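The following exercises introduce a structure to a reader who has not met it before. Please attempt each task before reading its solution.

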Amino acid sequence: MSLLVVGSIAFDSIQTPFDKVENALGGSSTYISLAASYFTSPIHLVGVVGEDFSNEHIQMLEEHNIDLEGLQIIPGGKTFRWGGKYHYDLNVRDTLFTELNVFENFNPEIPPKSRKASYVMLGNIQPDLQLHVLGQLENPKFVVTDTMNLWIETAHEDLLKVLRKTDVLIINDSEARLLTNEPNLIKAAGEIQKLGPKYLIIKKGEHGALLFGVDSIFSAPAYPLEDINDPTGAGDSFAGGFIGYLHSTRDLEFENLKRAVIYGSALASFAVEKFGTKGIEDLTKLQIHDRFIEFRELSRFDEK
Ligand code: AMP
């Protein structure tokens, strides 16, 4: 009953209105695995890096009980690099550059021992690669998928195939609208659930997230942080906290999915406090639990 995570591993150069950083550790599978590591282990990470990926990074991931047998290190290659710039409205960002490097020919090979994984987190990569991952697994029980506007627009057919095999799709509000051509999020959610996913999570940036079940909706608040330093990876940290908690509890009832959404929101709130993955490298279980309780208090009220 292990947890498999597949996605990008990157060095990110990020500018915000307040600060900037170059070559910070990032990538979807990095954020997801680190966030999930606070709940469960081992996590089997499948990704690709170049020779420039330092031993320090490998050690840090291993210290989080992340199994790196599926990490491909390409001799002479360079790790994927991404640059982004945030506006004063931190929900808005421009991609400054994308250097695919070794990511361009990424062929996710799942090591034999990880093919039995029952929980799978498909980070944001091309849908045909997500399908290739699923095709190698013996009997995945619970598949959570992330995607982005690029794939909705350019790889629609493959994405639809992935969705048919997906239990939970995690996307943001604009992606949900783009995928369905439906401006109303509640209607869009219904349309997406018809495509395969039993559950859907729509993230709304600093306004929290909505979880759609079979016939119920749960609304999670966002944590009112005063110091947001780098929104990069918030969505991936959310996904990691979400699937990590579910994997640790082995309970896929809607009530437990609600808790998982709050743990995901807690991990996202830590991630944005620092640049790159720094915000989720050195947390304690107590810190995470305290924030979970704070989330509960945020929207709790009595009838009278
Ligand atoms: P998020 O802020 O959750 O959208 O995730 C940001 C992470 O996605 C960064 O660490 C980037 O390195 C990574 N990323 C950016 N563009 C891509 C892409 N085209 N494919 C995969 N990962 C990407």
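## Exercises on a predicted model

K278 has a relative accessible area of 52% and is exposed. The structure is a predicted model, and the exercises below begin with this residue.

**Exercise 1.** Determine where K278 lies and how far K278 is from L25 in sequence and in space.

*Solution.*
1. K278 belongs to the loop that runs between α9 and α10 (285-298).
2. Along the sequence, K278 and L25 are 253 residues apart.
3. In space, their C-alpha atoms are 8.3 Å apart.

**Exercise 2.** Describe how helix α8 and helix α9 cross, and state which residues make the contact.

*Solution.*
1. Two packed helices are described by the angle between their axes and the distance between the axes.
2. Helix α8 spans residues 234-249 and helix α9 spans residues 254-271; their axes come within 7 Å and cross at roughly 140°.
3. An angle over 145 degrees would count as roughly antiparallel; α8 and α9 are therefore oblique to each other.
4. The crossing of α8 and α9 is right-handed.
5. On the α8 side, the contact is made by A234, S237, F238, G241, F242, Y245, L246 and T249. On the α9 side, it is made by N256, L257, R259, A260, V261, Y263, G264, S265, L267, A268 and A271.
6. Sorted by character, the residues of this contact are twelve nonpolar, six polar and one charged.

**Exercise 3.** Decide whether L246 of helix α8 is buried or exposed, and list the residues with which L246 is in contact.

*Solution.*
1. L246 is a residue of helix α8.
2. With a relative accessible area of 0%, L246 is buried.
3. Neighbours within four places in sequence aside, L246 is in contact with Y119, F142, D251, L252, N256, L257 and A260.
4. V261 stands 15 residues from L246 along the chain, and the C-alpha atoms of the two are separated by 9.6 Å.

**Exercise 4.** Establish which residues of helix α7 are buried and what covers them.

*Solution.*
1. Helix α7 comprises residues 185-194, and its residues L185, A188, A189 and I192 are buried.
2. These four residues cover an arc of only 105° around the axis, which puts them on the same side of α7.
3. An α-helix has 3.6 residues a turn, so residues three or four places apart point the same way.
4. The exposed residues K187 and K194 are carried by the face of α7 turned away from its buried side.
5. The cover over the buried residues of α7 includes β10 (168-172), α6 (173-180), β11 (199-203) and β12 (209-212).

**Exercise 5.** Locate S118 and find what S118 touches.

*Solution.*
1. S118 is in the loop between β7 (93-99) and β8 (119-122).
2. S118 is buried, its relative accessible area being 5%.
3. Not counting residues up to four places away in sequence, S118 touches M1, S2, N139, P140, K141 and F142.

**Exercise 6.** Identify the backbone features at P42, N65 and N101.

*Solution.*
1. Most residues other than glycine have a negative phi, and most peptide bonds are trans.
2. The peptide bond from S41 to P42 is cis, with omega near -10°; P42 is in the loop between α1 (28-36) and β4 (43-50).
3. N65, in the loop between α2 (55-63) and β5 (66-74), has a positive phi near 60°. At 47% relative accessibility, N65 is partly exposed.
4. N101, in the loop between β7 and β8, has a positive phi of about 50°. Its relative accessibility is 28%, and N101 counts as partly exposed.

Technical notes. Residues numbered from 1 in each chain as written. Predicted model: local features only at pLDDT ≥ 70, side-chain atom pairs only at ≥ 80, totals over all residues. Heavy atoms only, no water. Axes fitted to C-alpha atoms, helices over the stretch in contact; angles between N-to-C directions. Helix = DSSP H or I, 4+ residues; strand = E, 2+ residues; numbered from the N terminus. Parallel < 35°, antiparallel > 145°, perpendicular 65-115°, else oblique. Left-handed = near helix turned anticlockwise from the far one by under 90°. Contact = heavy atoms within 4.5 Å. Nonpolar A, V, L, I, M, F, W, Y, C, P; charged D, E, K, R; others polar. Buried < 20%, exposed > 50% of the residue type's maximum accessible area, 1.4 Å probe, protein only. Arc of directions from axis to C-beta.
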